Structure formats: C-alpha cells, structure tokens
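Dear colleague,

Please find the structure below, passed on to you for your own inspection. My notes on its cysteines and salt bridges follow it.

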Amino acid sequence: MKILGLLIASAVAAFAAGEITFIQNADVYPISSAPIKGVSLLIQDGKILDMGTKLVAPKGAMVLDVKGLRVYPGMIDSATDLGLEEIESIRESIDTQEIGDFMPQLKALSAVNPDSEHFGVVRVNGITGAVTFPSMGGGRGGGGAQLISGQAALIHTDGWTWEEMEINRGVAMCLNFPSAAGRGRGGAGGMPADVQDMLGAPGAAGGNAQRAILDQIAKLNGFFDDARKYQKAKAAHLPDFHTDLKFEAMIPVLEGKMPLTISAPRASTIHDAIAWADKQNVKIVFLQPREITKAGPELKAKNIPIILGRTLALPENEDAEYDQAFTQPLEAYKAGVKFALGTFTTEFVRDLPYQAATAVAYGLPHDEAMKAITINPAEIWGAGDKLGSVEKGKYADLLITDGDPMDVRTQIRHLFIKGKEVTLSNKQIRLFERYSGRQ
Amino acid sequence: MKKLLFSTFLVLSVSAIAEVPSAVAIRNAKIVTVSGPVIAKGTVVLRNGLIEAVGENVTVPADAWVVDGEGITVYPGLIDGLSTVGTGGGAPAAAGGGGRGGRGAATAATAGQAAAAERSWGPEDRPQTTSWVLAADEIVAGDGRVNTVRGAGFTTTVTFPTRGIFGGQGSIIDLVSGEKPAEMILVPEAGQYIALGRAGGGGGGGGGGGGFPSSLMGIISYVRQIYLDADHYQKVKEAYAKDPRGMQRPEYDRALEGVLASKRILLPANRLVEIDRMLRFGAELKQPMILYGARDSYLPEAASLLKKANATVLLSLKWPTPPARQPDGEEPTDTLRALEQRDKAPTAPAVLQKAGVKFALYSDGLDAPRDFQRAVKKALDNGLSREDALRALTLSPAEIYGVADRVGSIEKGKIANLVLTKGDIFEDRTTVVMVFVDGKKYTPAETAAPGGRGGPATDEPGNPGGNR
Amino acid sequence: MKKTLLAVLVALVPLCAETIVIQNATVMTVGSKGTFKGSVVVKDGKIAELGEKVMVPAGATVIDAGGQYLIPGIIDCHSHIAGDGGINEGSVSVSSMVNIKDIINPDDIAIYRALAGGVTTANILHGSANSIGGQTLPLKMRWGKSAEELIFVGATPGIKFALGENPKRAGNPVGGRGAATPVAARYPATRMGVEDVIREAFNDAHTYKAEWDAYDAKVAHGEHPIAPRVDLKLQALKEVLENKRYVHVHCYRADEILMMIRAAEDSGFKVRVFQHVLEGYKVAKEIAAHGAGASTFSDWWAYKIEAIDAIPFNATLMMKKGIVVSLNSDDAELMRHLNTEAGKAIKYGGATETEALAMVTLNPAKQLGIDKTVGSIEVGKDADMVLYDSFPLSDFAKVEKVLIDGTVYFDRDKELVAQTAKEAEKKRLLEKEKAAQQKSTPARRPNQ
C-alpha cells in the first residue's frame, strides 16, 4: 500500500509545472472565508486557476479525488534559518551570523541549501513557506554585536534551486536595535538556548552600557544618513557617483518597501524603536516582543505587526505565571496587534502547528491561530496576494489532510507547493522504511 | 589625682596602645555581667589579666589604677564566633558560601597554590584539603584588622583557615597586640572548617577543568569519602598499634589525621534546603557540628528543623542587601523569594531565640565598627532584645566553643576581657571608650571615625522602630 | 501583608489525603479497565475504586470532571531539574561516587511547572559528561514538600552512563592536543576509549566486590576482620553487579548501543534503560534480546551529528520489535507537554491512543521498576492522576488538576488566584524597600 502511494507520489512529482491538476471533492478551509464542502480546485502554472463546487475536470488534467479529506493553505513559519543551518553543533554547517557591523547587502536566499534534509522534514508536516534569516546578531560565529545582518528571504520549502524556491529574496532587513533591556535570560526560565543564540547575548546593565547603547544608536543613525546621501546622489546622477552595494541594499528600506525586523522583548525597547523608526521614516516588524499588553496600544496605533516566538517556552523568570508564553498570542489578539508565529529555529519548524494549537488551549480562538500561521504571515511579509489562503489566483500551496493540521494526530496525505505535488518522503521516512524491513 | 591623669589621657587620645598596669579598678560604673543581673553601680577589679572581683561593694585595691566609671557601662568583651581576623589577610568576600581559594596568610597562599597546581583526579588526591592546618599557626603579629574589630568591642575571635573544602581547624584568640602571636592563643583547636563551594544553584555544572570535585554533589561525596576513610584509617591504626606483627602498616595520611583531630565540624547552610541537607549530612557523618551562615533561619520551618535536631548555629550578621539599581530605571530583576528574604532575614535572631535554638551571631567580615553596629541594630529593630543580642555575642559563642569557664561574662576568675562604653553598646551614638584584652588596656583611635562609632553624621536619621 | 500571604498559602495548600471522587470523566486507565467514562474514588492516597458508576462515600470531596479526561500521572524518565550546584561531575570519567540524592532542591520552580504540565514523577539523572556518571533517583513532584519528601519511596536507585559525543568532549578540549599551550585532556577522546573506561571500571568493581564478599564470608563465619575501605565509586558499581542499581545509558548511535550491550553482558550486568537511543530503531533486535527498555525523544534531531539519523518513528519501530519504550524530555520546557509528545507517536508510526499514552505513563513506570505503584489507574496504585480539559494527546488540551498520592498539588483555578496575590505581594515588598532606601539615600552609597 505504501509502495503504491510512493509510486503515485513520484509519478505526480514528475509532472512539470504547466500541467493541469484537478483536485475534487475537497472540504476546503480557505482561511480567508468559512469552510466549504465538496469543492474542486483547478491548478495550473503553479496557481489556483479556479475553485468551486461545480467545476469540471478539463481534459488531460491529473485528477486527484480527496473525498473525506480537507484542504488547507500551506503553513508559513515566519522565523527560521532553514537551509542555512544543518547541524546546530557544527559551525561549518551553519551560515548565519556573518562578521561586520553593517551588512545589509548580505542575502540569506543565495546561501540556502535546497537539499538540506530539513526541508524534507518540515514539508511532511505541512510547512510550505518560511522566512529564513541571516541572523539577528551576536551569539556564535564571527558576528559580535552586528547592527544590520542582512536580508531575510521568503521561500517555498521546495524547489530544485534556491531560485525556484524564492518568493521574495529581500522580504525584510534584519536590524539588531541597540538596547539595554535584558532578554529574559533569567533564573530557571528564559527562552530556549537556540532562540537566545539567534537573538544574541543580553545587554549588560550599568552606566557604561547606557553610553555604549547611545553610541551604537548614533552609529546606526550615521549609517542611515550616509545611505540617504547615497540615495540622493544616485537619483541626481551625480558625475562622481559609483555603486556601493551596501547602500544599494538600503534603498528599498529607505523607500519603505522593505521593513526592518527588530527584536524587542521589553515595552521600553519597543517604544524607543518605534520612535527611532518614525524619525527614520522606515517600516518595522517586531520579533518576539514580550510585554505585549504594555506595548499593545502603541503597536496597534502604528499598525506594526509582530512575530511571536514559540508558544511552548518557559516563563521569563521564577515569578512569571506558568502559562506566560502560552498566552502571548492571546495577549496580542486582545491588543488588536497583527501577529504571526515563528519557531526561530530549524529543527522545530515542523512543530509550528502545535505552537499554534497551544495558544488555542489557552484562549486564542481557533481561527485566529490558523491565521497566525497562514494568511497573517503572508500579509505581514508582503505576499498577501500570493500565499496564505486557498483562493483563486494565489499559489497552489496546499495541504490535504485527514483532520485539523493543528492536531498532532492528523496525517497529511498530499502536499502541493506551487501547484506541484511534492513527495511526502524524506530522509527520516526512508530510514524508517529501511529498518522496518530488518528481520 | 589619678582621675585627672586618666581624663587627660582620654583627651589626648592616642591610637591603640596597650597599657599594662598590674591592677585596674573600674569604679562606679554600670556593669552588664551577662551571667547575672545588671549592676547599676559597681566596681570591677582586674589583676594579672584576670577578673579579681566584681560587684556593688568591691574594695578598690591600693595598687590599682582607677578608672572613673561615671557614665560608663562595662560589658564582657565581644566574641566573634567565626572570623578570619589575625591571619593577616583581608576580610573574606562572602562567608557562608565557603572559601574556595579564600584569602589568608602567606602559608595559606602556598598551600592553595600547591593544591591548584596539581589537578585532582578523584578523592584519593585529597583535593582542596588542608585539614591539618591550625589557625593558631597562621596568626601573625600586627594584623591591622585586630585593631579595627577591637574598636567595635571585640576582644576575642574564633579564627578559621577558610580555604578549599577542608580548611583546617580554627583557633580561639584574644585580640592582644604584641610581638608574639602565641600570646593570643586561647584554644588552638576549635573545630574543622568545611566549605562546599559556591552556594546554591550557582555551582560547577561540572565542566571539571579544574579537577575533582567540580560540582556540589562531587564535594559532598568527597566529604563523605573522607570520613569513611578516616573511620577505616583509625580502625587500621588501632589494630596495628595493638599488634603490628604480620600486618601491613597503614600509610600516613595527614588529611585524615587532621580530620580525626577535630572535635567538631563547621558546615555551611544558608538556604532552607541547605539547612535541611546539612543537618542530615552531619547526622550521617556522626560529627558534632555547627551550622554557619543560617540566613534562612528566619523561616519557621528552618527554626523548627534546627530545634528538632538540637542544632548549634552561627548566624551571619551580613543581612542580604538589594542589588545595584538598573541604570535606566528598568524593573529590578528581583524574585519574590529574594524580596521576602531581604525583608525577613534580620528577624532570624529573634526567631531562633524564641524557638530555643542555640545560636551565636558572627560578624561575617563586617570589620568596620559602624557596619557591625548597624547590623546588630537591624536585629534589634526586628525583635531581638538587647540582652539576647549581647549574649549572642558573648556567653553563647563561649558556650558553643566550650570556653564559657574562661570568657563570655564578667565573673570572678574569668579572663579580663571587657568593653567600656559611653552609652548602650548597640546604640548609634555610643563611643567605645576602652577595651581590655587579657587585662591589657586599649583605647580606640580617633582616626577610626569613618568606621568608628558615633561619628558626627550617621546615615540613618534615627528612626525609632526601624523602617519596617 | 500576613493576610495576603496566608491567603496565598491557603490557596496553594493541597487538599490533603482525604477521600476524593472524580466523576463523569473519560478515564484513560492504561490498565486493565481500558478507557471508560465514569468515576474514580481516591482514599488514603490510593486509587480505591473505578467504575462507570460508583458510590460516593460520606464526606468525600467530589470533583465533577464532566467533559474532561483523566489519565495516570505522567512519568518523565529523563530529567535534570531539582538539583543544586550542577548535574555533572565532569572532572573525572568515572564519577559514580556522586549522588543526585545529595543535592535535591525542592525549591526549583521547574518542579512546579512540570507538575502543571501533568508530570507526577520524574527520573532525575546525572548529566552526560562522563562515561560512567553519578547515582540517580526518581522524585515525585510534590511541590511544597522538603527534599526528603520528594523522594519516590521504594524505587530502586539508578546510575547514569553516557556514550558518544558528550563523554568524549573533555578528551578533545578546544585548542586540541596539538595546541600551543596544551590543555589538560581527560581520557577518553574516542568511542573506543569510552568502552574501555566502562570495562575497566567494572573490572575494578569485580575486584572490589570480591574483597567484600570475602569479608562477608568471614563475618558469617564468626570472625572479626577489619572491613575493607568503603570506596563510594566502586560501591555504586558493586550495586549494579548485584542488581540493586539500575543502569541508564545515554546513547545515540547504533554502534555504541550494540557496544554497550556486549560490554554489559561481558561485565556481568544488564542495561536497564537506553536513554535518547535515537538510532535504537537500527538495533531494535539486539536491544530487545538484551531486555533493556528505551527512553527516547519524539522528534528532536539535527542538533548534533550523532543525532542526524534520528527519526520520529523511532519510538513506534522499537515498540513493534517488543521493546518497552517511553518518551522523555531531558528538558524543563518539553516536560511540560509530554502528553503531546505521546500524541506524536500516533502521528509517526501509527501507535494506538493507549500505546501512545503508555509511553509517558506505564512504560516509564516499568522501566523504573515502579509499575506496581504508579503508571496506570488501577485499584491499589498511588492516586497519581492528571485531569485535562479535553482529549489529552493533543496540544489543544490543558491541565486542570494534578493529584499525587491523592492530594491535589496543582489546580489551575487556584493557580490563577495565587498568581495575582503573588504579584501584589511582590509589588508591596518592592515599594517598601524603595521607600526605605529613599529615606536613607542622601549620604548613603551602595557598598560601604
């Protein structure tokens, strides 16, 4: 039975884009609207050409009957280092955290290894899109206290090359905003170690640290000033103008087309960062804010979205409520702040739906949780017209499941990325099959 | 005539010098004996370093120097139950947590260096152990700290070598300043000082680059092994002594000799869990023990554990203080636990007193008289009576160390260790006028003002009843 | 102040060992009664009765668990919480003389958080820095009790061995053996050395045991010889040889798992539980034949090179080959949702609900030799149970109540109240301290 499935899957995978696929009898959960039963989807050229209850399969189409199964949009993890990290303990296999204070020209996309084993592992649980980050400074590797570490990329989790995986090679610019506020690395609580690594070492307290922060901000402002000068010089076609790759990379940021991501656990940092962004006239997205209720009003007023970290995390310190992390998404929802979930890792990306489910257990409405891993990330990352829901005209990134994807018992039966059915096998499944056969 | 001479002497106030009259009589003073009722107006006679007589109607001998006790209170000299004064090093940074590589005299340094040079690969290497050392052998003449703490009213300290795990035995010393350190020794062997590395959860994690042991459990197992070895060693020695023929002689082990020579041990315990742990550990080792630190003994559970075990406690006067404030007014990262501790810790002496637990207070490195006095004041503000406070610094430590027949109160025949003050000894504005150690007279220097007592500006505007 | 604190304390005081009836729950017993809808009666700390309908004894506290699910208390077979001063004695390769029992810290908030995640028993292990590590023991998560009172009474104690990368690390220090300033390396530096350390240690243990056996024999004959020197390190290994101490082996790769099986057999003891054992599926046959249990992660992988062949089907594959398999956390965060880790066994490999649940209840109990008293809801066993608000093998569920020995140690409703009181108390103390400091600020400087 399994072999048959494998054969079919591989046959399907052999279809190039351009072929027509017709999925029929699905219970579709579009996310952008209420669920509909008995729907068919017409997929061509990687997109959902049409969907409805009364569609008919065109001649020559590959027909997939999914009676009794559900169709969801593929899930999107808003913070990973997929493709950039293979084995956590081996630096040679890691390509995040470069050296250099201001490195906006670095692109995570072209360092992504499309054959990383991790893609096969995360696809199997329905993650079809991810934002992969060049890092946020500090921690291991060469990077000390990097201020701008490069451009994060929005990618599909399948493709022959990183070019094919690309959705947006510069979806955000990573800024390590200088702040003194601790990163909740306290006592028995605190973020998982790898998340702390991604965020960098906590700032030091004390008067000297204050001065150091102001110095850093001055440096940052200086860099932005230089970038603006460059922007003007370029527009004015000045005679002695020559291309500077760093400042070229800054232009979309200055034009408000590319947001900056900022890690900001404390409300005070959020406030400072918002004030700074206003002055600089740039767009921002906050990563892993913690004091959401406090910062909520300001975030909502300025329409600034946030990416929340793992719900399954320990409280910040000994005295924090035991369900502090579980209730963060609910906090964001109540504050009216737009949020998406990210796992801030590589190996736990496939648990993204369970991070969302935990939020539901602790009060977040079920639909909001689904949005946080589908349409919200799509919109936050500027791809709301392409991803995040099952709608005509969007990419055919689809999960076909036998249940709610946030339920751990659910199996994914078929997976489509950009209209192509992707094999649901990976290294782990291959090892399983091989050793199942050992007598 | 003598009165005039003496007053002039007071006015001139030179730095600490010892005067050795043959007999001294302090006349018409208030005398707090500790062992008996307070004598409102009485006389104490000292001769040859001992108290010859004390009472309301004591005759002043003809050959005695007379000290006019008008307005003066006489107390027994204070006894510091756990100290490092006298060995020439600095004050320990934090006691109760143990002195891993702690400070000490030159001999201590070399011993420590020797230990550090060779990495230990197990208990057989006797890591961080100098159990045979006696503090008495490390006392140096001219340790400045002697003068300083005498200025607070201390005449006696139980000084311990505090390096490593088994630091060695402490010695009870009288704080006389002289040429011969040997003069100071009251009791050379007061008990073995054991430290268990950094307190609480901050321990090793066991990377173990520095050798065994590198974790708290490693240290505990090491101590356990030492006592097992000592037991075995003793049995073998005894058997060998009885009849050596045909028996392999036991190998000399000075670490074990040091441990066997100690009649009691000191174990650190600050947190409730540590108090619980050490009480059980001491019982397992079957050693008479004193717990030192005892910060959490303000908790009723701790006090009751201590009472049930009939434990003896040295309670540190270094009350926990708030951490330095964050620069940008950030919320302090305090835990509720830490806040409660800081709030309640100074109630510990009163709690122990009420529970009937045998305890003494020790300065824990608070050398400066004003720091010491402030710390005691905190205890007084938190329910400890003056009588109990005084006893916890005089007769109680004397009893704990078995020298109550010699020091700790003003009684005929005891050593002439006295503190003379203008005002109650634990009051803010009190001055220590004179200190007698072994009958030798010392006058605290005026220059001790910054650390001295009753200086012009005390930082705490007298707030009766404290700030609670 | 006193009042609030008292209120907080009262709120947290567990319902003492009284008679409790949990009614109208879906009870997943993992035992002989399977899964049924009904009630459980708790008396004197034990499970007294199970049934669709039970008689409510007079004076009993009734917990109406309508719509909720009751499962046996979760048992985490691999944990490092509740220890003071470090869980590794990594300075020497054989540190069997140290004992977790000496450093139990009942104040570790991780205990409470584990409890709030449904864990009632946790096997506290020494770290993995040593080929042969320290002595271990299971604890019950009786939050609020003393160190002694956390100990799982009657459980056979354990000892932790480690294979693979971790025990080698100190043998390959940064800077390496060719570095300019040589760094003291601790043997072993390779897997070959790890095997050697273990075999050598047991070689010594046999000699030590022989000494003591000879002594015991003499004593039995009425003689009075001097007892040999007690060597704590070898004493623990002697206990292993005498089956009085269970061996837990941290391992990853198939080759080292097999090595350990053969080394154990040669040295005269059995491995009780292989821990992590991420490639256990490759040598499931051999593990089953040896009779060891396996305690593994549901889906962690890729954090080390020895973990690259880890598969989420490990647990079910080994289970199908007849091994008693449990899922553990080795992490203070993961242990809070072992119920959903169990759910993953359904997803990966098709375990049934009961099989999955057993991996975090009855199976670890069997591995720890405590299945006579815990691990399933059966009459006569300890009343260690967890009440969830919905189907427990899912992230949608949350813990409502946790009982240990028939006492409610965690109650979500009470917890929410207590948390508010705690925050109020903290604020009050902070303000009190601030006021006191301001009063004496003018001339005062922090450290006099």
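A residue is called buried when its relative accessible area is under 20% and exposed when that area is over 50%, with partly exposed in between. By this rule Asp107(C), at a relative accessible area of 27%, is partly exposed. Please bear in mind that the model is a predicted one.

Asp107(C) is a suitable place to begin, as its side chain meets that of Arg337(B) in a salt bridge, with an N to O distance of 3.7 Å. This pair crosses between chains: Asp107(C) lies in the loop between β6 (74–79) and α2 (109–115) of chain C, whereas Arg337(B) belongs to helix α8 (residues 336–344) of chain B. Arg337(B) is likewise partly exposed, because its relative accessible area is 33%.

A second contact between chains joins Asp299(C) to Arg350(A), whose side chains form a salt bridge at 3.8 Å, N to O. On the chain C side, Asp299(C) is found in the loop between β12 (293–296) and α9 (314–320); on the chain A side, Arg350(A) is found in the loop between β13 (339–341) and α10 (352–361). Here Asp299(C) is buried, since its relative accessible area is 2%, and Arg350(A) also counts as buried, at 1% relative accessibility.

Within chain B, Arg342(B) and Asp334(B) form a salt bridge in which the closest N and O atoms are 2.6 Å apart. Arg342(B) is buried, with a relative accessible area of 10%, and for Asp334(B), which is buried too, the value is 10%.

Chain C also holds a network of salt bridges, which links Lys46(C), Lys140(C), Arg142(C), Asp382(C), Asp384(C) and Asp405(C). Over all chains, the structure contains 84 salt bridges.

I turn now to the cysteines. How many disulfides does a search of the whole structure find? The search finds zero over all chains. Cys77(C), for example, is in no disulfide, and the nearest cysteine sulfur to it, that of Cys251(C), is 12 Å away. Why is the sulfur of Cys251(C) without a bond to that of Cys77(C)? A disulfide requires two cysteine sulfur atoms within 2.5 Å, so the 12 Å from the sulfur of Cys251(C) to the closest cysteine sulfur, in Cys77(C), is too far for a bond. As for accessibility, Cys77(C) is buried, with a relative accessible area of 0%, and Cys251(C) is buried, with a relative accessible area of 0%.

With kind regards

Methods
Residues numbered from 1 in each chain as written. Chains lettered and ligands numbered in written order. Predicted model: local features only at pLDDT ≥ 70, side-chain atom pairs only at ≥ 80, totals over all residues. Heavy atoms only, no water. Buried < 20%, exposed > 50% of the residue type's maximum accessible area, 1.4 Å probe, protein only. Salt bridge = Lys/Arg side-chain N within 4 Å of Asp/Glu carboxyl O. Helix = DSSP H or I, 4+ residues; strand = E, 2+ residues; numbered from the N terminus.
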